[in-house]
Amino acid sequence: MPRNSIRRKTQAQMCLLLGALLVTVYLYEYFTDHKTLHLRDVKNSVSQTKAPTKSNSTAYSWPRCQQNVSAANQSGFSSFTVNFQNFLYYRHCRHFPLLLDIPDKCGGPSKSADVFLLLVIKSAPVNYDRREVLRKTWAKERLHNGVWIRRVFIVGNTDPNPLLERERMNKLLQLEQREYNDILQWDFKDSFYNLTLKQILFLEWMEINCPHARFLLNGDDDVFANTDNMVKYLQSLKDNDGSKHLFIGSMMYYQPPVREVENRYFVSEEVFKPDYFPPYCSGGGYLLSGYTASVIYNMSKSVGFIPIDDAYMGMCLAKAELSPASHIGVHPHAWRIPSSKIDQYDPCYFKEELLVHGFRSANMFFMWQRLHDPDLKCDPSETKEEPFKL
């Protein structure tokens, strides 16, 4: 064979070998990279779906709870409102995926005793303006009178219809989380009928991430809470550092369950049969110790959910043979000062209170600023009358 032909043949073979080598290297890198990405995704998926433990320091999630279709067999089910029917379908559910977490809120479980007052504020995704005002007023995280006040907002998920609205609200919460690190969000529908679920999911989170917090304020995002006064009151409890029972607010005695189907507060006899709820504090706002919060969570494991969250707290306390108590400074219902001739937001009438329900955002901001005005002067003779409820 001529030398030129041999040379051309050899060159062609070398080109083929080089091409095959390049293809092999490319495929190796491609599949190695994708395998690494896949393994990382699997690892992340596993870490996010594992059951929480006491040493948990990352966000955890749970598989979605399935509907209990047998709930439709309850007597009178077809006459119930859609909201109450949905409550019955998912009443057994105790775990939902956690969408936004703040495991370091209390400095970790071992340092959580440094949190003297944890503000647990029930909110809804859409209530952005309320959360913003609270962050600047009574819910501001701070060191007050030598002790730490911390804040968490507890929320669910927006109704998926329309889906675009849910995505928008969740994006808003993510932006808030990035800036303030104060949102706990679970993947259940945020509604009146799921307030009990929201409370228990929070207590479960607290057991894992903040088990030694001394005291808690549990309240709505439209209450005015004088957290300065709360710290003063709690520090005055010389025999209770949060390790003993405390549950105070505005007492509700011998409240009968509402049996009218169309009423928002309806509770069927299958859900709660007795004629009266155990004593409880109105859910607008109440103070409790870390000890009592843990007791309620443990009792809840064997107490069936009802859609009335404050009455449910009373049920758990009764099961533990503990009692709530009244405090004159807690006003969880609409109220006004006792004269039409006086500004209904005169700060002197709020100066000694712990909590008042029903504040709009602008009035909340105004009241907090006025109460902290060093030039505020109050005449005791003008404010000696008790404010009364409407």
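## Elements and model

Helices are DSSP runs of H or I with at least four residues, strands are DSSP runs of E with at least two, and both are numbered from the N terminus. The model described here is predicted. The report covers pockets, a cavity, helix contacts and aromatic rings.

## The largest pocket

The largest pocket holds about 810 Å³ of space. Its lining counts 32 residues, and F192, L195, D220, Y265 and D309 are the closest to the pocket's centre.

Which helices each supply at least two residues of this lining? Helix α5, residues 195-209, does so, and so does α8, residues 309-319. L195 and D309, both among the residues closest to the centre, are where α5 and α8 begin. The lining of the largest pocket is mixed in class: 13 residues are nonpolar, nine are polar and 10 are charged.

## The second largest pocket

How much space lies in the second largest pocket? The figure is about 500 Å³. This pocket is lined by 21 residues, with Y90, F96, F188, K189 and N194 the closest to its centre. Two or more lining residues come from each of α2 (82-89), β5 (183-189) and α5. F188 and K189, two of the residues closest to the centre, fall within the range of β5.

By class, this lining has 10 nonpolar residues, five polar ones and six charged ones. Helix α5 takes part in the lining of the largest pocket and also in that of the second largest.

## The cavity

Counting cavities of 30 Å³ or more gives one. The largest cavity has a volume of about 40 Å³. Its lining is made of Q199, F202, L203, L216, N218, Y286, L288, I296 and M313.

Three elements each supply at least two of these residues: α5, β6 (215-220) and β11 (285-289). Which of them gives the most? Helix α5 does, with three residues. The class count for the cavity is seven nonpolar, two polar and no charged residues.

## Helices α7 and α8

Helix α7 spans residues 290-300 and packs against α8 at an angle of about 90°, with the two axes 9 Å apart. Angles of 65 to 115 degrees count as roughly perpendicular. The two helices, α7 and α8, are therefore roughly perpendicular to each other.

On the α7 side, the contact uses T292, I296, M299 and S300; on the α8 side, it uses Y312, M313, C316, L317 and K319. Six of the contact residues are nonpolar, two are polar and one is charged. I296 and M313 belong to this contact, and both also line the largest cavity.

## Helices α3 and α9

What is the angle between α3 (residues 128-136) and α9 (residues 361-371)? Their axes cross at roughly 5° and come within 9 Å. Angles under 35 degrees count as roughly parallel. Therefore α3 and α9 are roughly parallel to each other.

Helix α3 brings D129, R130, V133, L134 and K136 to the contact, while α9 brings S361, M364, F365 and W368. In this contact, five residues are nonpolar, one is polar and three are charged.

## Aromatic pairs

A pair of aromatic rings is described by the distance of the centres and the angle of the planes. The whole structure contains 21 aromatic pairs. One of them joins F84 and F87: the ring centres lie 5.7 Å apart and the planes meet at 40°, so the pair is tilted.

Why are F84 and F87 separated by about one helical turn? They sit three residues apart in helix α2. That helix also gives two or more residues to the lining of the second largest pocket.

Methods. Residues numbered from 1 in each chain as written. Predicted model: local features only at pLDDT ≥ 70, side-chain atom pairs only at ≥ 80, totals over all residues. Heavy atoms only, no water. 1 Å grid on protein atoms, 1.4 Å probe; cavity = no way out; pocket = protein on both sides within 12 Å on 5 of 7 lines; lining within 4 Å. Points joined across faces, edges and corners; volume = space filled by probe spheres on them. Nonpolar A, V, L, I, M, F, W, Y, C, P; charged D, E, K, R; others polar. Axes fitted to C-alpha atoms, helices over the stretch in contact; angles between N-to-C directions. Parallel < 35°, antiparallel > 145°, perpendicular 65-115°, else oblique. Contact = heavy atoms within 4.5 Å. Phe/Tyr/Trp six-rings, centres within 6.5 Å; stacked < 30°, edge-to-face > 60°.
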